[in-house]
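Welcome, and please open the model in your viewer with both chains loaded. We will go from stop to stop, and at each one you will hear what to select and what is there.

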Amino acid sequence: MNPLQLLEAIGDVDDTLLQAAHQPLPLKRQFAVHMVTIAASICLIAGASVWGVRQFAAHSRLVSSGNVFHHGTSVSETASATDDTLDQGQEETNDISFSDTIRDMVTESVDLYITGWNTGGFSGAVNMANASFESGMEIQVLMNDSTSCLYSDEQTGTPCSYDMNASNTAVGSYVTVTYSDCIQTDTGIQIVATTVTRYQ
Amino acid sequence: MDDSAIVSLYWQRDESAITETAVKYGKYCFSIAYGVLGNVSDAEESVNDTYLDAWNAMPPSRPAVLSTFLGKITRRIAIDRWRKHNAEKRGGGQMDAILDELAECVSSGENVEQTVEQQMITDHINAFVRTLPDAEQRIFLCRYFYMDSIKDIAKRFGFSKSKVKSMTLRIRRKLRAFLEKEGWL
């Protein structure tokens with residue numbers, strides 16, 4: 001076989017292949033692919049920018065108000081958080097997942113009455129509504145070794161051993177909780193307590 | 001006018017069939033002929049011969065795809081014309097470059113038996129082309145059927161010329177391996 005014979009043999013290929021080869025479709029398809037790629041890139045950049053700006057604004061607001069929240073910490077992580085991350089009140093800008101909704105906090109304390117104890121702390125219902133929480137709203141309070149537990153007579157109960165030395169007998173007690181983190185999860189709102197003051 | 005109407009004109013022996021063909025497929029046929037010959041007047045003559053061939057072929061032929069039917073005629077006529085001229089001197093079309101490229105896929109100038117074996121080669125070429133990814137299929141046929149230049153192919157597909165060159169090189173290596181496997185080399 002010589003090149004010319006090969007060339008002539010190529011001249012009899014199927015019409016369907018020939019039609020497809022010489023149609024302008026590939027160029028259009030390529031153009032479309034390029035456009036989709038560019039559009040996707042723009043969306044990604046725009047999304048990232050908006051998210052970044054919002055995060056920056058939220059962080060700036062919290063810092064300026066003196067409230068430093070630890071964002072994006074999962075429930076289990078928060079429950080087992082060490083003193084290093086929570087006790088020192090240091091500014092922290094952990095990664096935040098898109099599923100988390102950080103409340104725009106105005107106050108950093110809430111009055112609750114304890115409705116039950118669990119491993120990470122206790123659950124409580126909001127006793128006195130404030131700018132952040134409605135009355136009766138269920139909140140999970142997470143406690144750790146750095147949480148200070150106080151009594152109405154200002155007696156310090158640190159460490160609180162997660163139960164304010166009251167165990168389940170404290171169910172129904174009224175407490176004021178100051179907190180460092182507020183996290184919206186699928187199961188509800190969780191706060192990480194800095195101090196828990198029992199006043200009734 | 002759609003293709004079936006043009007074919008009907010041929011079957012009715014209506015000479016306007018040639019006019020309609022020229023209107024719709026004149027540039028298409030010219031680009032193929034020019035790709036082979038690289039000469040405007042030779043290409044135009046090949047296109048005129050294409051119309052005559054088509055007139056003689058229809059009837060009895062009733063092509064399903066008129067464009068490729070005409071393209072194949074044009075290509076064959078242009079190659080024949082190139083073959084005649086080639087005895088004197090080489091032209092300026094894509095033929096010389098393409099034949100040099102295809103020489104990488106075949107070993108020598110030895111001839112195979114005509115007709116039957118030629119058809120067998122074509123069958124294998126069809127099979128080979130179908131094994132290629134879509135983009136390579138198109139590039140292979142644009143280069144070696146339509147005789148498009150590397151520059152035109154690059155423009156058509158939005159690739160760089162070097163990318164097209166590397167793709168055609170890869171395809172030729174595949175073709176050589178395929179032909180060796182099928183016992184043609």
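**Stop 1: a ring cluster**

Start by selecting Y25(B), Y28(B), F145(B) and Y146(B), and show their side chains: ring pairs join these residues into a cluster. Bear in mind as you look around that this is a predicted model. Counted over all chains, the structure holds 11 aromatic pairs, and two further pairs are worth a visit.

**Stop 2: two more ring pairs**

Select Y10(B) and W55(B). Their ring centres are 6.2 Å apart and the planes meet at 55 degrees, so this pair counts as tilted. A stacked pair would need planes under 30 degrees apart, and an edge-to-face pair over 60. Now colour by helix: Y10(B) belongs to α1 (residues 3-11) of chain B and W55(B) to α3 (residues 40-57) of that chain, so to speak a link between distant parts, 45 residues apart. Are these two residues buried or exposed? Both Y10(B) and W55(B) are buried.

Move on to F157(B) and F159(B), an aromatic pair that is stacked, with 6.2 Å from centre to centre and 15 degrees between the planes. F157(B) has a relative accessible area of 3% and is buried. F159(B), at 18% relative accessibility, counts as buried because the cut-off is under 20%.

**Stop 3: backbone features in the loops**

Switch to a backbone view and centre on M58(B). The peptide bond that leads from M58(B) to P59(B) is cis, with omega near -10 degrees. Step along to the bond between P59(B) and P60(B): this peptide bond is cis, with omega about 15 degrees. Where does P59(B) lie? P59(B) is in the loop between α3 and α4 (66-86) of chain B, and P60(B) lies in the loop between α3 and α4 of chain B.

Next, select R13(B), a residue other than glycine whose phi is positive, near 60 degrees. R13(B) sits in the loop between α1 and α2 (16-37) of chain B, and its 37% relative accessibility makes it partly exposed.

M147(B) also invites a look at its phi, which is positive at about 60 degrees although the residue is not a glycine. You will find M147(B) in the loop between α7 (134-144) and α8 (150-157) of chain B. With a relative accessible area of 2%, M147(B) is buried.

**Stop 4: a covered helix**

Select residues 95-102 of chain B, which form helix α5. How many of its 8 residues are buried? The helix is mostly covered, with 6 of the 8 buried. These are M95(B), D96(B), I98(B), L99(B), E101(B) and L102(B). Show what surrounds them: the cover includes α2, α4, α7 and α9 (161-181) of chain B, and α1 of chain A as well.

**Stop 5: chain B as a whole**

Zoom out to chain B in a cartoon view. Its secondary structure comes to 9 helices and 0 strands. Of the 185 residues in chain B, 48% are buried. Among contacts in chain B with a separation of 6 or more, 64% are between residues 24 or more positions apart.

**Stop 6: where the chains meet**

Finally, colour the two chains separately and look at the interface. Here 27 residues of chain A are in contact with 50 residues of chain B. The area buried between the chains is about 3,500 Å², and carbon and sulfur atoms give 60% of it. Select M1(A), L7(A) and H22(A): they supply 23% of the area that chain A buries against chain B, more than any other three residues.

For charged partners, select D14(A) and R130(B). They form a salt bridge, with the closest N and O atoms 2.1 Å apart. Across this interface there are 3 salt bridges, and 10 residue pairs are in polar contact.

Which elements of chain A give two or more residues to the side that touches chain B? They are α1 (3-10), α2 (15-21) and α3 (25-65) of chain A. The largest share, 8 residues, comes from α1(A). By type, the residues on this side of chain A divide into 14 nonpolar, 8 polar and 5 charged.

Key:
Residues are numbered from 1 along each chain as its sequence is written. Chains are lettered from A and ligands numbered from 1 in the order in which they are written. This is a predicted model: local features need pLDDT of at least 70, side-chain atom pairs count only at pLDDT 80 or more; totals for chains, interfaces and linings use all residues. Side-chain values use heavy atoms; hydrogens and water are left out. Contact means heavy atoms within 4.5 Å. Buried area is the accessible area (1.4 Å probe) that two parts lose on being put together, summed over both. A salt bridge is a side-chain nitrogen of Lys or Arg within 4 Å of a carboxyl oxygen of Asp or Glu. A polar contact is a pair of N or O atoms within 3.5 Å; within protein, one must be able to donate a hydrogen and the other to accept it, and residues adjacent in sequence count only if both atoms are side-chain atoms. Helices (H or I, at least four residues) and strands (E, at least two) are DSSP runs, numbered from the N terminus. Ala, Val, Leu, Ile, Met, Phe, Trp, Tyr, Cys and Pro count as nonpolar, Asp, Glu, Lys and Arg as charged, and the others, Gly among them, as polar. Rings of Phe, Tyr and Trp (its six-membered ring) pair if their centres lie within 6.5 Å; planes under 30 degrees apart count as stacked, over 60 as edge-to-face and the rest as tilted. Buried means under 20% relative accessible area, exposed over 50%, partly exposed in between (1.4 Å probe, protein chains only).
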